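Work through the exercises below with the sequence and the model side by side, and try each task before reading its solution.

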Amino acid sequence: MSHTAMIDSLRLIGIPGTNKVMMGEFSRLVRRAFDDVRVVPPKKDGQGALSYPFDPRLAALAVQYHRTSSRVLWGLYESSAARLEPLYDDLYGAVEADERGWFDGIKTLSVAVANVERFAAGGRQVVGTVKNAIIEGLATKGITLEIDPDDPDIRIDVRMHGERLVVSLDLAGRPMNQRGYRTERGIAPLRENLAAVLVMLARYDSRKEPLVDMMAGSGTIAIEAALMARGEPVWVPPRKPLALRLPILAPHLSFNPKPLFADANPMIVANEIDPRVVKIAMSNMVNAGVNDVTENFSFDFRQLDPVEIMERAEKRGLEPGRGLILSNPPYGERMKPDELLDLYAEMGDWCRQFKGWRAAFLMANPDFVTAFGSGRPRIKKPLKNGPLMSWFLQYEL
């Protein structure tokens with residue numbers, strides 16, 4: 001009895017709890033990029049995975065523009081096998097029978113696993129079994145593949161969803177958060193795709209409102225907000241997705257992809273108290289190509305004048321009584337508890353000067369809400385920030 005089935009899915013893998021965010025961003029991109037494509041509702045594979053019917057045009061769009069995902073995958077096979085021997089036998093047979101041509105022109109591959117702790121064998125054994133099944137299954141077609149862990153033509157992604165082992169092509173070839181614009185980092189920088197999730201959750205509208213990051217660090221939130229406003233491609237040259245090496249997808253990809261919202265002109269203010277970190281942020285913004293729409297300040301946030309910020313927004317044609325404060329404040333690792341609570345209270349006092357605005361934060365300190373004031377946040381959503389359990393909190397000011 002076969003345990004392995006051939007599938008054909010576009011899989012967006014992200015941070016747990018971000019399915020709706022990933023879905024919303026993808027729908028926005030598709031509406032902008034295509035007039036003749038309708039996206040069907042995806043299947044949810046847990047709290048951080050979406051599965052769409054595979055379409056090469058949508059796959060190309062996702063791997064070049066989708067900022068909230070961690071991985072963009074082409075799902076090829078899924079297996080319910082509980083042991084290595086039947087996994088090999090069934091995957092070998094599925095590869096041997098596969099006529100989709102995803103392997104055309106390919107000479108080298110690598111295999112990586114994720115979330116396979118529930119499988120009966122260890123991760124290295126799963127890697128070896130999948131590798132052998134694919135190489136030996138393709139050999140029956142006269143295709144010879146070699147292992148190249150450093151610079152392969154394709155990267156095979158193997159991960160479990162429930163009791164199913166899903167074997168996919170990783171269309172990016174690397175985590176989607178590794179965009180290429182961060183050549184230097186501040187202390188504890190946000191992952192780029194998590195910053196993009198925060199921008200989506202806060203519903204930033206660059207056409208009508210400014211965005212202020214009062215504690216910008218190395219600038220990741222400000223950069224992602226600017227790039228999303230313009231619909232810029234994910235990858236900063238010379239980085240590019242591995243999918244460009246796939247002849248079956250190459251016609252739908254570009255070596256020089258253009259922004260989808262090229263006429264956008266966002267107003268984004270990034271403030272950071274540490275001058276050294278400000279220099280890092282400015283360098284990252286130049287690398288990302290958004291230094292023309294981001295304004296950098298090096299103040300204690302309490303020295304920033306809300307009236308001046310709103311006046312500048314009005315001069316830009318934006319609505320001064322509407323805007324977004326979006327930040328990732330310190331959680332407590334480098335400050336004493338009393339100092340931290342005082343900081344949160346002063347943040348609340350400063351933010352409440354922006355009447356009609358929204359203020360949103362990624363926060364892992366449970367004492368923040370009480371210290372910040374302004375009552376209960378309108379939105380409180382759990383989010384993982386690396387190993388930390390955090391919350392996205394949003395207030396109406």
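The exercises that follow concern a predicted model, and they move from helices to single residues and then to salt bridges.

**Exercise 1. Compare the expected span of helix α1 with the distance between its end C-alpha atoms.**

Solution. Begin with the length of the helix, which has 15 residues and covers residues 19-33. The expected span is 1.5 Å times one less than the number of residues, so for α1 it comes to 21 Å. The end C-alpha atoms of α1 are 21 Å apart, which agrees with that expectation.

**Exercise 2. Work out how the buried residues of α1 are arranged around its axis, and what they pack against.**

Solution. The first step is to list the buried residues of α1, which are Asn-19, Val-21, Met-22, Glu-25, Phe-26, Leu-29 and Val-30. Seen down the axis of α1, these buried residues fall within an arc of 165 degrees, so they line one face of the helix. The face of α1 turned away from this buried side carries Lys-20 and Arg-31, which are exposed. On the buried side, the packing partners are the strands β1 (4-13), β2 (43-44) and β3 (49-53), together with the helices α2 (56-65), α5 (192-201) and α6.

**Exercise 3. Decide whether Asn-19 and Leu-61 are buried or exposed, and name their contacts beyond the neighbours within four places in sequence.**

Solution. A residue is buried when its relative accessible area is under 20%. Asn-19, which belongs to helix α1, has a value of 7% and therefore counts as buried. Leaving aside neighbours within four places in sequence, Asn-19 is in contact with Lys-44, Gly-46, Gln-47, Gly-48, Ala-49 and Leu-50. Leu-61 lies in helix α2, and at 6% relative accessibility this residue is buried as well. The contacts of Leu-61, with the same neighbours left aside, are Phe-26, Leu-29, Val-30, Ala-33, Phe-34, His-66 and Leu-260.

**Exercise 4. Find how many residues of helix α6 are buried, and which residue just after α6 takes a positive phi.**

Solution. Helix α6 spans residues 220-230, and 11 of its 11 residues are buried. Among them are Thr-220, Glu-224 and Arg-230. Just after α6 comes Gly-231, whose phi is positive at about 65 degrees.

**Exercise 5. Determine which parts of the chain are tied together by the salt bridge between Arg-100 and Asp-8, and by the one between Asp-153 and Arg-245.**

Solution. In the pair formed by Arg-100 and Asp-8, the distance from N to O is 3.2 Å. Arg-100 lies in the loop between α3 (84-97) and β5 (108-114), whereas Asp-8 is in strand β1, so this pair ties together parts that are 92 residues apart in sequence. In the salt bridge between Asp-153 and Arg-245, the closest N and O atoms are 3.6 Å apart. Asp-153 lies in the loop between β6 (146-147) and β7 (154-161), and Arg-245 in the loop between α6 and β10 (268-271), so here too the parts tied together are 92 residues apart in sequence. As for accessibility, Asp-153 is buried at 17%, while Arg-245 is partly exposed at 34%.

**Exercise 6. Identify which residues form one network with Asp-157 and Arg-155 through shared salt-bridge partners.**

Solution. The side chains of Asp-157 and Arg-155 meet in a salt bridge with an N to O distance of 3.7 Å. Salt bridges that share partners join this pair with Arg-71, Arg-159 and Asp-170 into one network. Asp-157 is buried at 2% relative accessibility, and Arg-155 is buried at 14%.

Technical notes
Residues numbered from 1 in each chain as written. Predicted model: local features only at pLDDT ≥ 70, side-chain atom pairs only at ≥ 80, totals over all residues. Heavy atoms only, no water. Helix = DSSP H or I, 4+ residues; strand = E, 2+ residues; numbered from the N terminus. Buried < 20%, exposed > 50% of the residue type's maximum accessible area, 1.4 Å probe, protein only. Contact = heavy atoms within 4.5 Å. Arc of directions from axis to C-beta. Salt bridge = Lys/Arg side-chain N within 4 Å of Asp/Glu carboxyl O.
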